[in-house]
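Me: Could you take a close look at the charged pairs in this chain and where their partners sit? I would enjoy one connected walk through them, with the surroundings filled in as you go.

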Amino acid sequence: MAEAHVRLAMEDLPVGLCADCNEDGQILDRILQQHFQLQVCVMCKQNRNLRDGSYELISKSRAKVDFAMPESFFHGLPHMTKPNPHHEAFAPLKLYLKKMIMDEAYRLYDDKDGLEREKAARKLKAYTSAAKRTKHLLKRKHVLMSLTGEDKQQDTEQESEPKQKPKKPAYIPVADRDHKHQFAAEVYDETANSWFKECECGMKVEVEKW
């Protein structure tokens, strides 16, 4: 029974002449045959994908970035549709054959080096455009602030703010364990009618004299 199922499955596979290896009687890749009208055997597809990814399927956004293809190129181009991975209600995802995109890019830009030059030029153009846009926005903001007087108001507020005087360091008495009182000679205080002696730390002690 198992052998019968295997035989039926093998009979259902497309078989024919491979356009890559030019050998007949090969098992052909069903996706390439149905969606891109290419007669390529499964072994050649695997080998080419390992070498340069020619038979990979890529999205339109990746094709635009990696191969600098214009939007007009994709009209009528063979593709395979899949449900959108982000949400089922979104438009189906269109996948294109990398080999077709790559061949057209090399034709459009002469060769691989020409494609790299075009990609570099596009990156520079995008950077320059972003820099100009940022500069324009900053200039516009400055003009609006000048018209509304916000910048002058900010300067006036900064000038009107009173300058804070530096705070004097708080007096920290010397700890008893680190200081030994050394009193000066006794001094007679006529107002208090008493004798006192005072340490340099400020401590004042009354002295009784007989």
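Reply: Glu116 and Lys119 are 3 residues apart in helix α6 (residues 112-148), so about one helical turn separates them. In this predicted model, their side chains meet in a salt bridge, with 3.9 Å from N to O. The cut-off for such a pair is 4 Å, so the 3.9 Å of Glu116 and Lys119 falls within that limit. Glu116 is partly exposed, because its relative accessible area is 40%. Salt bridges with shared partners also join Asp20, Arg48 and Asp52 into one network.

A spacing of 3 residues turns up again in helix α5 (residues 98-108), where Glu104 and Arg107 are about one turn of the helix apart. This spacing suits a pair, because an α-helix has 3.6 residues a turn and residues three or four places apart point the same way. Glu104 and Arg107 form a salt bridge whose closest N and O atoms are 2.4 Å apart. As for cover, Arg107 counts as exposed, because its relative accessibility is 55% and exposed means over 50%.

Now to a pair with another setting. Asp29 and Lys45 have side chains that meet in a salt bridge at 3.0 Å, N to O. Asp29 lies in the loop between β2 and α2, while Lys45 belongs to helix α3 (residues 42-51), so this pair ties together parts that are 16 residues apart in sequence. The β2 strand spans 26-27 and the α2 helix 30-36, with Asp29 in the loop between them. Both partners, Asp29 and Lys45, are buried. For Asp29 the relative accessibility is 10%, so it counts as buried, given that the limit for buried is under 20%. The side chains of Asp29 and Lys45 also make a polar contact, again at 3.0 Å. What else does Asp29 touch, leaving aside residues up to four places away in sequence? Besides Lys45, Asp29 touches Val40, Cys41 and Val42.

Lys45 leads on to its helix. In α3, Cys44, Lys45 and Arg48 are buried. They cover an arc of only 100° around the axis, so they are on the same side of α3. Arg48 also belongs to the salt-bridge network with Asp20 and Asp52, so this buried side of α3 includes a member of that network as well as Lys45, the partner of Asp29. The cover over the buried residues of α3 includes α2 and α5; α5 is also the helix in which Glu104 and Arg107 lie. After α3 comes Gly53, with a positive phi near 70°.

Val42, one of the residues that Asp29 touches, also has a place on the surface. Together with Val15, Ile27 and Met43, Val42 forms a nonpolar surface patch with about 320 Å² of accessible area in total. One member, Val15, sits in strand β1 (residues 15-16). Val15 is exposed, because its relative accessible area is 51%.

Two loop residues deserve a glance for their backbone. Most residues other than glycine have a negative phi. Gln37, in the loop between α2 and α3, is not a glycine and yet has a positive phi of about 55°. Ala68 likewise has a positive phi, near 50°, and lies in the loop between α4 (60-67) and β4 (80-82). Their cover differs: Gln37 counts as exposed, because its relative accessibility is 56%, whereas Ala68 counts as buried, because its relative accessibility is 1%.

Finally, the wider setting for these pairs. The count of salt bridges comes to 10. The chain holds 7 helices and 8 strands, and buried residues make up 20% of its 210 residues. Its accessible surface is about 17,000 Å², with 54% of that belonging to carbon and sulfur atoms. Among contacts between residues at least 6 apart in sequence, 34% join residues at least 24 apart.

Technical notes. Residues numbered from 1 in each chain as written. Predicted model: local features only at pLDDT ≥ 70, side-chain atom pairs only at ≥ 80, totals over all residues. Heavy atoms only, no water. Patch = residues over 30% accessible without salt bridge, like charges linked within 9 Å, V, L, I, M, F, W, Y side chains within 5 Å. Areas by Shrake-Rupley, 256 points an atom, 1.4 Å probe, with all protein chains shown as cover. Helix = DSSP H or I, 4+ residues; strand = E, 2+ residues; numbered from the N terminus. Buried < 20%, exposed > 50% of the residue type's maximum accessible area, 1.4 Å probe, protein only. Polar contact = N/O pair within 3.5 Å; in protein donor to acceptor, adjacent residues only side chain to side chain. Contact = heavy atoms within 4.5 Å. Arc of directions from axis to C-beta.
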